[in-house]
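Visitor: Can you walk me through this one? I'd like to go contact by contact.
Guide: Fine, have a look at it and ask away.

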Protein chains: 2
Amino acid sequence: MQLKSQVEWALHCCALLSALPPNRYLSTKVLAEFHGVPKEYLSKALQSLSQAALVEGTLGPSGGYRLARAPENITFLDIVEAVEGRGPSFVCNEIRKNNPCRAADYCEARACPIAQVMGQADQAWRSHLRGVTLAELGRRLQADIPADLLERSFEWLTSR
Amino acid sequence: MQLKSQVEWALHCCALLSALPPNRYLSTKVLAEFHGVPKEYLSKALQSLSQAALVEGTLGPSGGYRLARAPENITFLDIVEAVEGRGPSFVCNEIRKNNPCRAADYCEARACPIAQVMGQADQAWRSHLRGVTLAELGRRLQADIPADLLERSFEWLTSR
DNA sequence: GACCCGGTACTCGGATATAATATGTCCGAGTCTGTACGG
DNA sequence: CCGTACAGACTCGGACATATTATATCCGAGTACCGGGTC
């Protein structure tokens with residue numbers, strides 16, 4: 001079990017978009033070159049974000065993507081679920097129903113205890129992701145990256 | 001991202017094995033028929049458990065598997081990691097190193113903040129799984145399943 | 001000089017191939033059990 | 001009657017196909033910019 005690399009790309013792209021001046025777009029091409037990933041494939045991740053209404057795209061020259069909401073209102077979970085899907089990591093196939101001793105018309109009152117535990121673990125994972133917004137990520141990045149590198153990077157990004 | 005169905009099977013099989021009398025084995029064949037899953041493929045999951053030293057197998061007639069440790073000392077995490085692998089769900093490919101503005105010899109002091117958040121979420125997931133043992137699962141199952149069905153099931157299992 | 005219009009180049013979006021992984025199947029090496037035989 | 005040797009059947013363990021998913025790529029529809037032409 002492993003998250004797609006698109007998730008990583010989407011998170012990095014959103015981090016950049018969240019620090020962008022208003023009414024400014026970044027194109028797939030620029031984002032792909034900046035991160036050193038295939039442009040065509042990265043576009044699929046951005047499409048997923050677009051369909052989830054996390055970013056919005058514009059056509060034509062100087063077009064691209066920008067955030068559709070304020071960075072305070074976008075969480076890691078939003079991005080991960082947009083790219084990876086909203087389904088739970090553990091799906092219960094109800095194999096307990098195949099128990100040959102069970103009556104055919106027996107109806108389970110509660111969810112399978114195993115599925116319950118796995119589901120709670122899944123919720124713990126999601127809760128953590130829901131607790132970190134893009135705004136918070138921006139603060140951490142600013143504390144982590146040297147100011148001059150940050151400045152040069154945005155210079156590089158916005159000059160194309 | 002989705003856990004393999006083998007994880008579910010392994011958990012159900014371990015639940016049964018944990019309620020077994022000492023020095024009693026259950027064969028792949030019986031476990032597969034009980035759960036209604038392909039015998040040959042289930043055996044792969046049990047092999048993983050065996051390699052992780054969670055269960056131990058015996059050959060010949062009346063052979064099969066039994067737990068290698070007490071149910072109190074086996075957690076959900078042990079089983080999930082044995083089948084699914086110990087690797088984290090999010091792998092950081094360090095795409096920040098591809099930043100064209102970065103000096104080539106620049107050395108990152110800390111882990112990428114994005115990877116940190118994802119890693120902490122992963123740890124939250126693992127912590128929850130580590131907190132539930134097979135013994136605890138056994139108690140919940142006993143509370144969830146009617147006593148007569150439980151008894152008939154073990155009758156069915158041990159009579160083969 | 002200001003406005004309008006059309007061409008062009010650039011954008012996103014979805015449809016299409018390839019690689020990796022999960023799923024499912026098969027067969028061989030080894031061992032326990034049950035039986036037949038001999039003492 | 002008891003111990004022993006043996007044949008058989010059953011077990012696990014790993015090697016081999018197939019289906020599904022992730023990865024990577026391509027091409028078409030649509031739109032904003034830019035230049036020229038007109039009023």
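Visitor: What does Phe154(A) touch, leaving out residues up to four places away in sequence?
Guide: Phe154(A) touches Leu16(A), Ala19(A) and Leu20(A). Contact here is heavy atoms within 4.5 Å.

Visitor: How far apart are Phe154(A) and Ala19(A), in sequence and in space?
Guide: They are 135 residues apart in sequence and 9.0 Å apart in space, C-alpha to C-alpha.

Visitor: Which helix is Phe154(A) in? And is Phe154(A) buried or exposed?
Guide: Phe154(A) is in helix 7 of chain A, residues 147-158. Helices (H or I, at least four residues) and strands (E, at least two) are DSSP runs, numbered from the N terminus. Phe154(A) counts as buried because its relative accessible area is 19%. Buried means under 20% relative accessible area, exposed over 50% and partly exposed in between, with a 1.4 Å probe and protein chains only.

Visitor: Before going on, what are the ground rules?
Guide: This is a predicted model, so local features need pLDDT of at least 70 and side-chain atom pairs count only at pLDDT 80 or more, while totals for chains, interfaces and linings use all residues. Residues are numbered from 1 along each chain as its sequence is written, chains are lettered from A and ligands numbered from 1 in the order written, and side-chain values use heavy atoms, leaving out hydrogens and water.

Visitor: OK, the DNA. Which residues come nearest to strand C?
Guide: Gln51(A), Gly60(A), Tyr65(A), Lys4(B) and Tyr41(B), out of 20 residues around DNA strand C. A residue is near a strand if one of its heavy atoms lies within 4 Å of it. Of the strand C atoms within 4 Å of the protein, 66% belong to sugar or phosphate and the rest to bases.

Visitor: What polar contacts are there with strand C?
Guide: A polar contact is a pair of N or O atoms within 3.5 Å; within protein, one must be able to donate a hydrogen and the other to accept it, and residues adjacent in sequence count only if both atoms are side-chain atoms. A polar side-chain atom of Gln51(A) is 3.1 Å from a phosphate oxygen of DNA strand C. A polar backbone atom of Gly60(A) lies 3.1 Å from a sugar or linking oxygen of DNA strand C. For the bases, a side-chain N or O atom of Glu40(B) is 3.2 Å from a base nitrogen of DNA strand C.

Visitor: Which element gives the largest share of that surface?
Guide: Helix 3 of chain A, with three residues. By class, the surface near DNA strand C has seven nonpolar, eleven polar and two charged residues. Ala, Val, Leu, Ile, Met, Phe, Trp, Tyr, Cys and Pro count as nonpolar, Asp, Glu, Lys and Arg as charged, and the others, Gly among them, as polar.

Visitor: And strand D, which residues come nearest there?
Guide: Lys4(A), Glu40(A), Tyr41(A), Gly64(B) and Tyr65(B), of the 21 residues around DNA strand D. Sugar and phosphate make up 64% of the strand D atoms that come within 4 Å of the protein. A side-chain N or O atom of Tyr65(B) is 2.7 Å from a phosphate oxygen of DNA strand D, and a polar side-chain atom of Tyr41(A) is 3.3 Å from a phosphate oxygen. Glu40(A) has a side-chain N or O atom 3.3 Å from a base nitrogen of DNA strand D. Helix 3 of chain B gives the most to this surface, three residues.

Visitor: Switching to the protein interface. How much area do chains A and B bury between them?
Guide: About 5200 Å², 67% of it on carbon and sulfur atoms. Buried area is the accessible area (1.4 Å probe) that two parts lose on being put together, summed over both. In chain B, Met1(B), Ile95(B) and Ile114(B) lose the most area to chain A, together 15% of what that side buries.

Visitor: How many residues are in contact?
Guide: 54 of chain B with 55 of chain A.

Visitor: Last one: how many residues of helix 4 of chain A are buried?
Guide: Eight of the nine in residues 76-84. Among them are Phe76(A), Leu77(A) and Glu81(A). The cover includes helix 5 (113-130) of chain B. After helix 4 of chain A comes Gly85(A), with a positive phi near 100°.
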